[in-house]
Amino acid sequence: MFLLFGFGTKRRHIGMGATRTCPRCHNTTQWARTKQFKQFTVFFVPLARWKREQFEQCGICGTAVQG
Ligand SMILES: [Zn+2]
């Protein structure tokens with residue numbers, strides 16, 4: 001039997017985050033909120049998701065902080 005499965009990390013943009021001063025590029029901008037999780041799929045159907053995390057990411061240099 002042929003079984004098509006995979007592991008992957010998904011990132012989804014969930015909106016605008018807080019206005020922060022970036023520790024790397026020192027610009028003060030509104031950061032983007034991103035949700036990330038790992039998932040296991042069989043025939044492209046997600047069966048399990050774990051390690052959910054939320055990030056806020058600087059729109060200029062891409063630095064991400066958990067929060
Ligand atoms: Zn930055």
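In the predicted model, H26 is exposed, with a relative accessible area of 58%. This histidine lies in the loop between β1 and β2. Its phi is near 65°, a positive value in a residue other than glycine. Most residues other than glycine have a negative phi. The loop that holds H26 belongs to a hairpin formed by β1 and β2, with six residues between the two strands.

The hairpin is part of an open sheet of four strands in the order β1-β2-β3-β4, with antiparallel pairing. β1 and β4 stand at the edges and each has a single partner strand, so one side of each is left without a neighbour in the sheet. From one strand to the next, the twist averages 35°. The pairing of β1 with β2 is antiparallel and runs over 14 bridges; within this pairing, R20 stands opposite T29 in β2. β2 and β3 are likewise antiparallel, and pair over ten bridges. Among the residue pairs that link these two strands, A32 stands opposite Q57 in β3, and V42 has V45 of β3 as its bridge partner.

The hairpin of β2 and β3 has two residues between the strands, and F43 there takes a positive phi near 50°. F44 is also found in the loop between β2 and β3. Its phi is near 65°, again a positive value in a residue other than glycine. F44 counts as exposed because its relative accessibility is 72%, the cut-off for this class being over 50%. Along the chain, F44 and L4 are 40 residues apart, yet their C-alpha atoms are separated by 7.9 Å.

A zinc ion is coordinated by the SG atoms of four cysteines, C22, C25, C58 and C61, at 2.3 to 2.4 Å. The angles among the four donor atoms are 104 to 114°, and the site is tetrahedral. For four tetrahedral donors, the ideal angle at a metal is 109.5 degrees. Along the chain, the donors follow the spacing C-x2-C-x32-C-x2-C. C22 lies in the loop between β1 (5-21) and β2, whereas C61 lies in the loop between β3 (45-57) and β4 (64-66), so this pair ties together parts that are 39 residues apart in sequence. The two cysteines fall into separate classes of accessibility: C22 counts as buried, at 1% relative accessibility, while C61, at 25%, counts as partly exposed.

Two polar residues of the sheet, Q39 and E56, were examined for their surroundings. Q39 is found in strand β2, which covers residues 28-42. With a relative accessibility of 7%, Q39 counts as buried, since the class takes in values under 20%. The side chain of Q39 makes a polar contact of 3.2 Å with the side chain of R49. When residues up to four places away in sequence are not counted, Q39 touches G6, F7, G8 and K10, together with P46, A48, R49 and W50. Of these, G6, F7, G8 and K10 fall within the residue range of β1 (5-21), and P46, A48, R49 and W50 within that of β3 (45-57).

E56 has its place in strand β3. At 5% relative accessibility, E56 also counts as buried. Its side chain takes part in two kinds of polar interaction. One joins the side chains of E56 and R20 in a polar contact of 2.7 Å. The other runs from the side chain of E56 to the backbone nitrogen of A18, at 3.3 Å. Leaving aside neighbours within four places in sequence, E56 is in contact with G17, A18, R20, W31, A32, R33, T63, A64 and V65. R20, the side-chain partner of E56, is the residue that stands opposite T29 in β2. A32, another contact of E56, stands opposite Q57 in β3.

Notes. Residues are numbered from 1 along each chain as its sequence is written. This is a predicted model: local features need pLDDT of at least 70, side-chain atom pairs count only at pLDDT 80 or more; totals for chains, interfaces and linings use all residues. Side-chain values use heavy atoms; hydrogens and water are left out. Buried means under 20% relative accessible area, exposed over 50%, partly exposed in between (1.4 Å probe, protein chains only). A polar contact is a pair of N or O atoms within 3.5 Å; within protein, one must be able to donate a hydrogen and the other to accept it, and residues adjacent in sequence count only if both atoms are side-chain atoms. Contact means heavy atoms within 4.5 Å. Donors are N, O and S atoms within 2.8 Å of the metal (3.2 Å for Na, K and Ca); water is not among the atoms, so sites may look incomplete. Four donors count as tetrahedral if all angles lie between 85 and 135 degrees; four count as square planar and six as octahedral if opposite donors are over 155 degrees apart and all others between 65 and 115; anything else is irregular. Two strands pair if DSSP finds at least two bridges between them. Axes are lines fitted to C-alpha atoms, for helices over the stretch in contact, and angles run from 0 to 180 degrees between N-to-C directions.
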